[in-house]
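Subject: The structure we talked about, with notes

Dear colleague,

Here is the structure I promised to hand over, followed by what I found when going through it. Please keep it open while you read, so that you can look up each place as it comes.

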Amino acid sequence: MRALLIENALVAGMRSADDLHPAGAVWAVDGVIQALGREARSAAANAFSRGEAVETVDAEGLWLFPGFVQTHIHLCQTLLRNGPDDLQLLPWLRTHVWPGEAAHDEETLFLSARLGLAELAAGGTTAILDMGTVRHTDAIFRAAEASGLRVTSGNALMDDPSTNPPELFAETEDALAEGERLLARWHGGAGGRLRFAWCPRFAVSCTDRILREAASRARAQGVLVHTHASENHDEIDLVKARSGRANIEHLRDLGIGGPTTVLAHVIHTNEAERRLLAADGTAVAHCPSSNLKLASGICPVPDYLSRGIRVTLGADGAPCNDRLDPFSEMRHAALLQKIAAGPAALTAWQVVRMATAEGAAALGLGDVCGTIEVGKRADLVLLDPSSGFARPVSWRDDPYGPVVFSFDRGNVVETRVDGEVVFHRDRRPARALAPTAGEIEAAAGRLRERKTGTGRREAALPLEEGT
Ligand SMILES: [Zn+2]
């Protein structure tokens with residue numbers, strides 16, 4: 001039995017804005033929360049009296065939140081960080097991201113995923129939805145297994161020969177077979193921490209057939225569908241030219257939509273598309289830093305929320321951010337709406353909900369994590385309001401504003417998944433360890449060499465410069 005007591009923290013359970021417990025306590029056994037508050041303390045006292053080993057954390061002065069959930073990540077792109085800064089989506093994909101992804105071998109992809117997972121854990125992220133890449137996606141699952149984080153991923157489906165580079169392309173049948181293989185190998189692995197999702201890259205990269213197959217197989221298998229949608233006007237125009245439909249309508253025509261679908265970005269949508277999203281229960285992964293850096297636009301989050309559309313948060317890939325940091329995403333999500341929709345259009349409480357409970361629900365993990373309550377896994381982040389420059393926090397009655405606006409990764413003390421430490425600021429945990437600087441530079445060098453090597457062509461997106 002693995003018993004854990006965290007006591008004396010301000011516990012923010014995230015079920016409601018007033019789910020706040022000063023000097024709170026959490027009792028978890030074998031990674032599952034069994035009791036809170038007074039009951040937690042008495043359960044621990046009983047265990048002590050029986051002579052059982054209990055890991056005890058005195059969290060006096062600290063804040064305990066559910067671990068952050070990021071619903072859109074590309075672990076394969078971590079080694080592509082600090083690439084070109086001044087491009088829009090399609091030229092950026094064509095010139096940097098796709099050639100970079102295509103250059104991966106199993107080893108560089110494993111290292112890229114390890115680096116990303118270590119960064120995520122250091123920022124208090126405990127669960128992610130990752131888009132995978134076309135080949136070697138086992139390496140992402142292997143890194144996820146070792147890291148201790150809760151990871152859903154799958155091979156990115158890119159089966160349209162007219163829009164994808166030949167180096168980052170898989171025939172429809174091959175891509176589907178690879179998905180089935182990954183599902184059989186990894187789904188439900190590591191005690192349920194690892195899950196498979198069907199990941200068509202975006203409508204531009206995919207044939208109608210693979211989009212339809214991904215949707216129907218996901219439904220039959222009870223797994224998620226994850227794709228990008230309506231991030232950029234040029235992308236939307238390409239879909240319109242091919243299908244004659246608005247992007248969300250096109251995806252819906254092929255079966256993609258509903259509560260087990262997570263669409264990344266969803267910035268530029270018309271009234272009919274918004275109605276579809278609301279009626280379907282499709283979740284949106286809002287990635288504000290990425291949207292700013294790629295000049296994509298501002299997601300109409302308050303409008304979506306007013307329609308009952310579930311909105312969650314993700315950092316997207318490292319090269320369009322260039323951080324995998326939930327604090328950056330929360331801050332940008334909140335600040336953007338102050339300009340776009342007014343100063344009170346999106347509260348700090350709503351933003352933290354997006355980064356926790358809403359994210360978990362979108363991933364089908366609403367019964368597993370996202371709030372601190374009895375029966376859920378002990379996926380937790382312990383925050384120190386006195387570290388860094390977040391003080392004073394005494395002007396407020398609640399911790400949500402400081403978490404969104406003044407905290408950063410420097411405020412994270414430790415991150416736990418299933419009650420196990422995956423990151424600790426003062427000691428090396430057994431899991432989610434970052435590769436060494438030497439390993440990172442060596443792998444990035446190999447990737448750079450292959451990416452720019454002779455014979456490598458740019459992606460075949462039908463674009464001209466300046467778009
Ligand atoms: Zn993305």
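On α5, the face turned away from the buried side of the helix carries the exposed residues Glu173, Ala177 and Ala184. Please bear in mind throughout that this is a predicted model.

The buried residues of α5 are Ala175, Leu176, Gly179, Leu182, Leu183 and Trp186. Looking down the axis of α5, you will find that these buried residues fall within an arc of 125°, so they line one face of the helix. The helix itself covers residues 172–186, which makes 15 residues, and it reaches 21 Å from its first C-alpha to its last, close to the 21 Å expected at 1.5 Å a residue. What lies over the buried residues of α5? The cover includes α4 (137–147), β9 (156–157), β10 (194–200) and α6 (208–221). After α5 comes Gly188, which has a positive phi, near 85°.

Since α6 is part of that cover, it makes a natural next stop. This helix has 14 residues, and its span from first C-alpha to last is 20 Å, close to the 20 Å expected at 1.5 Å a residue. Buried in α6 are Ile210, Leu211, Glu213, Ala214, Ala215 and Ala218, and what covers them includes β9, α5, β10, β11 (224–229) and α8 (247–253). Just after α6 you will meet another glycine, Gly222, with a positive phi of about 70°.

From β11 one can step across to the neighbouring strands. β11 and β12 run parallel and are joined by 5 bridges, and in this pairing Val225 stands opposite Thr261 of β12. Is strand β12 enclosed or open? In β12 (residues 261–265), 5 of the 5 residues are buried, so the strand is largely enclosed by the rest of the structure. β12 also pairs with strand β13 (residues 283–286), again in the parallel sense, over 3 bridges, and there Ala264 has Ala285 in β13 as its bridge partner. Together with helix α9 (residues 271–280), β12 and β13 make a β-α-β unit, and this unit is right-handed.

Now to the interior. In soluble globular proteins, nonpolar side chains tend to be buried together. The largest nonpolar core here has 152 residues, and those with the most contacts inside it are Val26, Leu64, Ala113, Leu117, Leu149, Met330 and Val351. The largest share of this core, 10 residues, comes from helix α3 (residues 106–122). Met330 is a useful one to click on: leaving aside its neighbours within four places in sequence, it is in contact with Leu313, Val351, Val352, Ala355, Val403 and Val404.

Some parts of the backbone deserve a careful look. Two peptide bonds that you can inspect are cis: the one from Asn321 to Asp322, with omega near 0°, and the one from Arg391 to Pro392, with omega near -5°. Asp322 is found in the loop between β15 (316–317) and α12 (326–341), whereas Pro392 lies in the loop between β16 (380–383) and α15 (400–406).

A positive phi also turns up in residues other than glycine. Asp316, which lies in strand β15, has a phi near 65°, and this residue is buried, with 28 other C-beta atoms within 10 Å. Ala432, in the loop between β18 (420–424) and α16 (437–451), has a positive phi of about 50°, and it too is buried, with 27 other C-beta atoms within 10 Å.

I end with a place where distant parts of the sequence meet. Which residue lies 344 residues from Ile33 in sequence, but 5.9 Å from it in space, C-alpha to C-alpha? It is Arg377, whose place is in the loop between α14 (357–362) and β16. Arg377 is buried, since 28 other C-beta atoms lie within 10 Å, where 20 or more are enough to count as buried. Leaving aside its neighbours within four places in sequence, Arg377 is in contact with Gly31, Val32, Val368, Cys369 and Asp418.

With best wishes

Notes
Residues numbered from 1 in each chain as written. Predicted model: local features only at pLDDT ≥ 70, side-chain atom pairs only at ≥ 80, totals over all residues. Helix = DSSP H or I, 4+ residues; strand = E, 2+ residues; numbered from the N terminus. Expected span 1.5 Å × (residues − 1). Buried ≥ 20, exposed ≤ 12 C-beta atoms within 10 Å, placed from the backbone. Arc of directions from axis to C-beta. Contact = placed C-beta atoms within 7 Å. Core = buried A, V, L, I, M, F, W, Y, C linked by C-beta atoms within 7 Å. Pairing = 2+ DSSP bridges. Right-handed = clockwise from strand over helix to strand, strands pointing away.
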